[in-house]
Amino acid sequence: MGPDGYEIVPAYRHDRQVLRVRRNGRVVADCLSVEEVARYVDLADLCEVIPLHVRAGDTRTAVN
């Protein structure tokens with residue numbers, strides 16, 4: 001995920017894996033290389049989003 005709503009996700013186009021650049025949910029480009037992605041977004045600004053699974057009944061908090 002990057003600033004201004006940019007997101008890079010793996011995808012397939014015509015049986016070929018691509019890096020799909022989306023902005024605010026809309027497809028901007030399908031890129032064949034990281035260099036192509038860099039034309040749309042500064043790679044240094046990207047961060048990985050890791051979904052965390054919530055356990056049922058887990059009420060622990062960081063601050064008590």
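The following exchange introduces a predicted model through questions and answers.

Biologist: On what basis are residues numbered and features accepted here?

Modeller: Residues are numbered from 1 along each chain as its sequence is written, and side-chain values use heavy atoms, with hydrogens and water left out. This is a predicted model, in which local features need pLDDT of at least 70 and side-chain atom pairs count only at pLDDT 80 or more, while totals for chains, interfaces and linings use all residues.

Biologist: In what order do the 3 strands form the open sheet?

Modeller: Strands are DSSP runs (E, at least two residues), numbered from the N terminus, and two strands pair if DSSP finds at least two bridges between them. The pairing in this open sheet is antiparallel. Strand 1 and strand 3 are the edge strands, each pairing on one side only. The order is therefore 1-2-3.

Biologist: What is the average twist from one strand to the next?

Modeller: The angle is taken between axes, which are lines fitted to C-alpha atoms, and runs from 0 to 180 degrees between N-to-C directions. From one strand to the next, the twist averages 35°.

Biologist: Which residue of strand 2 is the bridge partner of Y12?

Modeller: Strand 1 covers residues 6-13 and strand 2 covers residues 16-23. These two strands pair in the antiparallel sense over 8 bridges. The partner of Y12 in strand 2 is Q17.

Biologist: How many salt bridges does the structure hold?

Modeller: A salt bridge is a side-chain nitrogen of Lys or Arg within 4 Å of a carboxyl oxygen of Asp or Glu. Side chains of opposite charge can pair when their charged atoms come close. The number of salt bridges in the structure is 3.

Biologist: How far apart are the closest N and O atoms of E7 and R22?

Modeller: E7 lies in strand 1 and R22 in strand 2, 15 residues apart, and the pair links distant parts of the chain. E7 is partly exposed at a relative accessible area of 26%, and R22 is likewise partly exposed at 26%; the class lies between buried (under 20% relative accessible area) and exposed (over 50%), with a 1.4 Å probe and protein chains only. In their salt bridge, the closest N and O atoms are 3.1 Å apart.

Biologist: Is D30 buried or exposed?

Modeller: D30 has its place in strand 3, which spans residues 26-31. Its relative accessible area is 18%. Because that value falls under 20%, D30 counts as buried.

Biologist: Which residues are linked with D30 in a network of salt bridges?

Modeller: The side chains of R13 and D30 meet in a salt bridge of 3.1 Å, N to O, and this pair joins strand 1 to strand 3 across 17 residues. D30 also forms a salt bridge with R20, with the closest N and O atoms 2.7 Å apart; R20 is in strand 2, 10 residues from D30. R13 is partly exposed at 45%, and R20 is partly exposed at 21%. The residues linked with D30 in the network are R13 and R20.

Biologist: Which residues does D30 touch?

Modeller: Contact means heavy atoms within 4.5 Å. Residues up to four places away in sequence are not counted. On that basis, D30 touches R13, V18, L19, R20 and E36.

Biologist: Which residues make up the largest nonpolar core?

Modeller: A nonpolar core is a set of buried Ala, Val, Leu, Ile, Met, Phe, Trp, Tyr and Cys residues joined through side-chain atoms within 4.5 Å. One member, V41, touches Y6, I8 and L46, not counting residues up to four places away in sequence. The largest core has 6 residues, namely Y6, V21, A29, C31, V37 and V41.

How values were computed
Helices (H or I, at least four residues) and strands (E, at least two) are DSSP runs, numbered from the N terminus.
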